[in-house]
Every structure is written in structure tokens, then in C-alpha cells.
Amino acid sequence: MSEGPLPPHDSQARRGPLDGAEPLSGASGAGFSGQVTLDGPSGTGKSSVARAVALELRASYLDTGAMYRAATVAVLDAGVDLDDADGITRAVTQAAIGIGTDAATEQVTVDGVDVTERIRSTEVTRAVSPVSAVPAVRRLLVDAQRSLVADATAVVVEGRDIGTVVLPDATLKVYLTAAPEARAERRAAQLGVTDPARIAAIAEDLRRRDAYDSTREDSPLRPATDAVTVDSTHWERHQTIARIVELARERAEA
């Protein structure tokens with residue numbers, strides 16, 4: 001597993017997300033070489049599906065959403081107002097964010113503290129959109145993401161603007177979506193929530209984030225023009241995984 005703080009975005013920064021992280025170099029023994037991007041709205045199961053696809057393809061894996069969530073933890077811990085773009089950028093630049101790239105395990109740290117579970121909390125979920133909408137933050141993390149995957153033989157990268165911005169020349173681009181109600185049920189199960197009112201609140205949060213992310217000026221949430229849209233509303237997880245693996249192998253054989 002490659003993990004570590006991200007390189008600072010300029011020569012003046014003393015710290016920054018993934019500073020010194022080793023580039024991915026995962027080699028595939030499953031007949032696939034290249035880049036698979038998996039974009040889509042929150043709650044579609046992108047992370048678990050992308051990890052499973054990477055394991056099937058014996059590829060490296062990068063969860064860019066976890067990077068933005070870790071950045072959000074840094075902002076919240078710094079006590080920065082979510083309307084303060086300069087303060088947000090400063091907090092993210094000064095934080096040491098660690099991100100695992102092994103599909104078999106998940107590990108995310110901020111300043112040496114394990115935040116793997118915390119980044120999925122309601123607190124972080126509600127704050128991540130304004131943090132990720134700050135252009136300077138996106139530039140910092142996008143540069144880091146490109147550096148990390150540049151030398152990978154086979155890699156699966158998931159997020160919200162991977163096929164459109166981060167890796168526009170990827171071998172396969174997938175846009176994973178599902179109805180808000182289905183996504184809320186899945187997120188609730190992930191969090192152990194069974195109360196209908198709380199599940200409805202999760203669905204409303206998802207709708208609000210969809211609207212925010214799809215209308216922001218910098219890297220709005222949208223499928224790439226050449227992406228394959230996979231709607232998993234009525235699919236079981238294993239069906240979604242199987243379809244994406246099939247698409248990747250078809251591209252490898254083309």
C-alpha cells in the first residue's frame with residue numbers, strides 16, 4: 001500500500017496533502033492494463049464498487065472522494081468558516097493527508113490521526129461540498145491525483161470529476177448513478193441507520209449535495225461525453241461490479 005502526505009502545490013508550502021507519496025505502479029494480471037474512472041453522485045456505492053473492481057482486475061485503487069473528505073476534516077478541525085475560501089485553502093495546504101492505495105484495505109489519516117471512519121460521518125458529509133468547491137483546493141488535489149496514478153499499469157480511480165477533469169484520456173470511463181431513495185437506503189445501511197425519518201433526511205442531504213455539486217462553477221458533477229452510464233437503482237452490488245469488470249475487459253481486448 002502506498003500512503004503518505006500529498007506534495008505541496010508550490011515550492012513555498014511546507015506541508016500538503018500526500019507530500020512524498022509514491023506513485024502507483026500496480027501491475028495487472030487479469031488481462032487489463034489502463035485506467036478505469038468511476039464517477040457519480042454520493043451514495044451510489046462508488047467506493048465499495050471501485051474497490052471490488054480493482055481487486056477483480058488486480059489493479060491499484062485511488063479513492064479521490066476520501067481525499068476531499070480528509071481535507072474537510074482538516075478544515076473542520078481548524079475551525080474555519082465554510083464561507084472562507086482562503087481559510088479553507090490554507091487549512092488544506094497545511095494538513096498532512098494520508099491515503100491508502102491498496103484496494104484490499106482502507107486507511108485515511110490527517111496529521112497522523114486515523115480518520116477512516118470519521119470521513120463518512122454526517123458532519124463531514126454536510127461540509128465536504130463547500131470545501132471541494134474551492135478552486136484552489138481542487139487544483140491542489142487534482143494535481144496530486146494525476147501524479148499518483150501517472151505510472152500505474154492498471155488503476156481504478158473513483159470520484160466526481162475523474163473522467164471529465166483528472167483523467168480525460170482514461171481507458172474506460174463509467175458514470176455510476178442511482179435514484180436518491182436507493183442511495184439513501186444504502187448509505188443508511190452503511191451507517192447502521194434504520195429510523196425512516198433519518199433515512200429520509202439522508203435522502204434530502206443527497207439531493208442537496210447533487211444540486212450543489214452539479215451547479216458549481218469549478219469541475220461540476222456530470223458524466224464525461226464518452227462515459228458509460230451504469231444505473232444501479234435496481235441492481236445488487238455484485239451485478240454492478242460484474243458489469244464494470246466486463247466493460248473494462250472488453251476495452252482491454254479492443
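Two strands count as paired here if DSSP finds at least two bridges between them. Helices (H or I, at least four residues) and strands (E, at least two) are DSSP runs, numbered from the N terminus. The model is a predicted one: local features need pLDDT of at least 70, side-chain atom pairs count only at pLDDT 80 or more, and totals for chains, interfaces and linings use all residues. Residues are numbered from 1 along each chain as its sequence is written, and side-chain values use heavy atoms, with hydrogens and water left out.

**Exercise 1. Work out the strand order of the parallel sheet, and place E6 in it.**

Step 1: start with E1 (residues 34-39), which pairs with E6 in the parallel sense over 6 bridges. Gly34 has Ala154 of E6 as its bridge partner, and Asp39 sits opposite Gly159.

Step 2: now take E2 (residues 60-63), joined to E6 by 4 bridges and also running parallel to it. Here Tyr61 is partnered by Val156.

Step 3: put it together. The open sheet has 5 strands and reads E2-E6-E1-E7-E8, with parallel pairing. E2 and E8 (228-231) are the edge strands, each pairing on one side only. On average, neighbouring strands are turned by 20° against each other, direction ignored; axes are lines fitted to C-alpha atoms, for helices over the stretch in contact, and angles run from 0 to 180 degrees between N-to-C directions.

Step 4: add the helices. H1 (residues 46-57) packs on the sheet and touches E1, E2, E6 and E7 (172-177), its direction making about 175° with that of E6. H5 packs on the sheet too, touching E1, E2 and E6, at about 175° to E2. Contact means heavy atoms within 4.5 Å.

**Exercise 2. Is strand E6 enclosed or open to the outside?**

Step 1: fix the terms. Buried means under 20% relative accessible area, exposed over 50%, partly exposed in between (1.4 Å probe, protein chains only).

Step 2: check each face. Ala154, Val156 and Glu158 are buried on one side, and so are Val155, Val157 and Gly159 on the other.

Step 3: conclude. With 6 of the 6 residues of E6 (154-159) buried, the strand is largely enclosed by the rest of the structure.

**Exercise 3. Describe the surroundings of Thr93 in helix H3.**

Step 1: Thr93 is buried, with a relative accessible area of 14%.

Step 2: look along H3 (residues 85-94), where Gly87, Ile88, Thr89, Ala91 and Val92 are among the buried residues. The buried residues of H3 pack against H2 (64-77), H4 (122-132) and H5 (135-149).

Step 3: find the side chain's partner. A polar atom of the Thr93 side chain lies 2.8 Å from the backbone oxygen of Thr89.

**Exercise 4. Which strands stand at the edges of the E3-E4-E5 sheet?**

Step 1: this open sheet has 3 strands with antiparallel pairing.

Step 2: E3 (97-99) and E5 (113-114) each have a single partner strand, so one side of each is left without a neighbour in the sheet.

Step 3: look at one pair. E4 (residues 108-110) and E5 pair over 2 bridges, with Thr109 opposite Asp114.

Definitions and conventions
A polar contact is a pair of N or O atoms within 3.5 Å; within protein, one must be able to donate a hydrogen and the other to accept it, and residues adjacent in sequence count only if both atoms are side-chain atoms.
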